[in-house]
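The exercises below are meant to be worked with the sequence and the coordinates side by side. Each task is followed by a solution that proceeds step by step.

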Amino acid sequence: ALNENNPSPAGALRDGLKVAPDSWLLIANLFLNLNVNEEASAREAVELAKKLKTRAMLSVDETRRLVAAHTTLAQWSEAAAQAAIGLARFKGDERLLAMAAVAEEMLGHTGKAMSMLESVVEAGTSRIPAVHNFMGLAFRLGRTDSVRKAIDRLLELQSDKSERLELLRLSALVHYKHGEYAKAHQTARGLGDLVDPSIEEEEGMLVNVIMAVTITGPKPDEEFLVWARARVDGFCVRWPVSKMFRRVRLPEHGLLDLDDLHDAFDSVGGDSRTRLAGFQSRERRAKAGELPVPFTVRPGVVFHYIGDAFTLWEAAKSSRYEDHQFHLSIAFQGPEPKSRDVTRDTPLIDLTALLVIDALDLFDALFKVFDRVAVSRATVGYISQQSNGVLASGVGAQTATRILERINHHLDRIDQPGTESAPLGQELTAFHVMREFSELVK
């Protein structure tokens with residue numbers, strides 16, 4: 001019974017089990033009263049479930065609670081296994097499907113997770129976390145049609161203002177990337193209706209979206225332009241030195257020389273001359289072989305005029321023998337790794353290896369040698385970003401798109417392990433990719 005010492009139902013049930021430890025009724029009630037989102041209770045629930053299963057098969061609610069307990073404990077294999085058992089009995093249960101998808105994704109089985117979430121979304125689920133997870137996977141894989149479907153569904157379900165702001169921001173950018181300029185402008189107007197113009201973070205997000213959806217494409221209608229100029233002008237008046245958006249005024253005589261350009265940049269980002277000198281120094285050292293920098297992170301460290309690893313790869317193909325700053329360098333630290341049966345292993349492939357495999361058209365051959373391979377989540381996300389970003393263009397973007405298409409083609413045979421999850425929409429860098437790869441191979 002409930003009392004001062006045990007005010008909660010769980011406490012009273014535990015007391016009862018001390019008297020009757022084999023009572024199936026008490027065990028079942030305690031299992032259902034535990035908060036499986038807390039680690040200690042989740043561990044207790046896992047043990048109680050073992051006792052319950054000696055008497056009978058778990059109900060759908062009990063199965064969900066057991067999977068949730070394993071999820072709280074980050075026991076992904078157990079969560080996936082229990083979800084699979086449940087789904088075999090309770091076919092099509094969307095909550096179990098969504099929970100199974102999370103477990104499979106955390107195990108690196110992105111293809112299986114995507115398939116599960118796709119079926120949940122297609123069934124018209126009202127579960128916001130499931131649709132949000134589906135959108136996240138679709139973003140990483142560059143499946144923009146699926147992203148748009150998820151955004152539209154979330155806008156129907158989501159009432160939280162901050163969530164709706166982010167969804168409208170993403171929607172405008174996706175429409176723009178698909179060449180749907182009128183829809184992008186319309187969505188930007190909808191975003192403008194929702195943001196509070198007195199809040200710098202909200203209004204700053206809006207003006208950045210306005211700039212993004214008007215970079216190229218047909219000229220927006222006059223009504224949109226008047227509205228957009230008013231919002232941008234208003235922001236610059238309120239926050240003239242904002243870190244979110246800054247207006248640079250050029251000299252009346254224009255940019256006549258490099259000094260004029262440096263002066264313009266200095267008003268926004270500080271001493272551009274010093275930064276440029278630093279880049280030039282590092283490139284000279286890299287060219288001389290005195291500064292070893294991993295290939296994929298050289299943009300932004302060695303090169304100021306090359307923005308990403310894909311563009312660098314294409315530039316490297318036409319570089320001269322003496323231009324060592326463009327060349328791949330291969331070195332082993334310690335003994336070369338060995339395996340008793342290398343073809344049964346699942347090799348973890350980094351971004352540089354993907355560039356080589358793509359250049360030599362070896363993707364199909366790769367899967368003739370290995371049953372499965374692994375590419376880290378951050379690596380896939382970075383490739384997608386360089387393929388589908390608003391500013392993605394040129395040969396580098398084409399290379400990224402080609403690699404992403406091959407990853408999607410072989411998705412069911414590519415594990416995607418990860419060590420950290422970047423928030424949706426956060427820009428990934430080559431350093432994120434390298435850091436995650438290094439952590440995974442430890």
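A residue counts as buried when its relative accessible area is under 20%. The model used throughout is a predicted one.

**Exercise 1. Describe the overall make-up of the protein: how many helices and strands does it have, and what share of its residues is buried?**

Step 1: counting the secondary structure elements gives 21 helices and two strands.
Step 2: applying the burial cut-off to the 442 residues of the protein places 42% of them in the buried class.
Step 3: the surface that the protein exposes comes to about 23,900 Å², of which carbon and sulfur atoms supply 54%.
Step 4: taking the contacts between residues at least 6 apart in sequence, one finds that 59% join residues at least 24 apart.

**Exercise 2. Check the length of helix α7 (residues 110–122), then establish which of its residues are buried and what covers them.**

Step 1: with 13 residues at 1.5 Å a residue, where the expected span takes one less than the number of residues, helix α7 should span 18 Å, and the separation of its end C-alpha atoms, 18 Å, agrees with this.
Step 2: the buried residues of α7 are T110, G111, A113, M114, M116, L117, V120 and V121.
Step 3: in reading such a list it helps to recall that an α-helix has 3.6 residues a turn, so residues three or four places apart point the same way.
Step 4: the cover over the buried residues of α7 includes α6 (94–106), α8 (128–141) and α9 (144–157).
Step 5: just after α7 the backbone shows a positive phi, about 80 degrees, at G124.

**Exercise 3. Classify the packing of α11 (residues 181–194) with α12 (residues 200–212), and of α16 (residues 309–317) with α20 (residues 394–409).**

Step 1: the axes of α11 and α12 come within 10 Å and cross at roughly 170 degrees; angles over 145 degrees count as roughly antiparallel, and this pair is therefore roughly antiparallel.
Step 2: on the α11 side the contact is made by A188, L191, G192 and L194, and on the α12 side by E202, M205, L206 and V209; these residues divide into six nonpolar, one polar and one charged.
Step 3: α16 and α20 pack at an angle of about 110 degrees with their axes 7 Å apart; since 65 to 115 degrees counts as roughly perpendicular, α16 and α20 are therefore roughly perpendicular to each other.
Step 4: F310, T311 and E314 of α16 meet V395, G396, T399, A400, R402 and I403 of α20, a contact whose residues divide into four nonpolar, three polar and two charged.

How values were computed
Residues numbered from 1 in each chain as written. Predicted model: local features only at pLDDT ≥ 70, side-chain atom pairs only at ≥ 80, totals over all residues. Heavy atoms only, no water. Helix = DSSP H or I, 4+ residues; strand = E, 2+ residues; numbered from the N terminus. Buried < 20%, exposed > 50% of the residue type's maximum accessible area, 1.4 Å probe, protein only. Contact = heavy atoms within 4.5 Å. Areas by Shrake-Rupley, 256 points an atom, 1.4 Å probe, with all protein chains shown as cover. Axes fitted to C-alpha atoms, helices over the stretch in contact; angles between N-to-C directions. Parallel < 35°, antiparallel > 145°, perpendicular 65-115°, else oblique. Nonpolar A, V, L, I, M, F, W, Y, C, P; charged D, E, K, R; others polar.
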